[in-house]
Amino acid sequence: MNQPINIRKAIKSFRYAGFGIYSLFRHENNAKIHLLAAVVVFVAGILFKISNIEWCIIIIQIALVWAAEAFNTAIEKIADMISSTYHPTIKIIKDVAAAGVLILAISAIFVAGFIFLPKIWDIFQTIN
């Protein structure tokens, strides 16, 4: 028999997730860098009046980078808890998790370039 959704449990889960988001951006330097980059891109999106589709693509890219940073942070915290001393396998695990964030960040930069560079180019063309 299916149980109804437990609203209190769901609210608790959202609270925990909210604390996780707060903790990520409060304590993780790279998350702060990604947050600053997102703010810059949002401001650019407003100034360049990007389309709804472009907004959707930008928001997806930002969310993917933030999610990857959250997973990477979780992996790093677990790895640090497992072994507080250097371990070659844990180093590889942490490096590969960080690589996932870097791959997404690079793809986000390319996407931003595809969206914003033509608009910047148009501005320079109208100036000349």
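Which helix does His34 lie in? The answer is helix H2, and the close-ups below, taken from a predicted model, show what goes on around this helix.

**View 1. Helices H1 and H2 cross at roughly 95°.** Here we look at H1, which covers residues 7-27, and H2, which covers residues 29-47. Their axes come within 5 Å. Angles from 65 to 115 degrees count as roughly perpendicular, so that is how H1 and H2 sit relative to each other.

**View 2. Here are the residues where H1 meets H2.** On the H1 side you'll find Leu24, Phe25, Arg26 and His27. Across from them, H2 brings in Asn29, Ala31, Lys32 and Leu35. Sort the residues of this contact by type and you get four nonpolar, two polar and two charged.

**View 3. His34 of helix H2 is buried.** Its relative accessibility is 17%, and buried means under 20%, so His34 makes the cut. Leaving aside residues up to four places away in sequence, His34 touches Val65, Trp66, Glu69, Val101 and Ala105. With one of these, Glu69, there is also a polar contact: the side chains of His34 and Glu69 are joined at 3.2 Å.

**View 4. Lys49 sits in the loop between H2 and H3.** Helix H3, on the other side of this loop, spans 52-82. Take a look at the backbone here: Lys49 has a positive phi of about 50°, even though this residue is not a glycine. Is Lys49 buried or exposed? Exposed means over 50% relative accessible area, and Lys49 has 71%, so it counts as exposed.

Definitions and conventions
Residues numbered from 1 in each chain as written. Predicted model: local features only at pLDDT ≥ 70, side-chain atom pairs only at ≥ 80, totals over all residues. Heavy atoms only, no water. Axes fitted to C-alpha atoms, helices over the stretch in contact; angles between N-to-C directions. Helix = DSSP H or I, 4+ residues; strand = E, 2+ residues; numbered from the N terminus. Parallel < 35°, antiparallel > 145°, perpendicular 65-115°, else oblique. Contact = heavy atoms within 4.5 Å. Nonpolar A, V, L, I, M, F, W, Y, C, P; charged D, E, K, R; others polar. Buried < 20%, exposed > 50% of the residue type's maximum accessible area, 1.4 Å probe, protein only. Polar contact = N/O pair within 3.5 Å; in protein donor to acceptor, adjacent residues only side chain to side chain.
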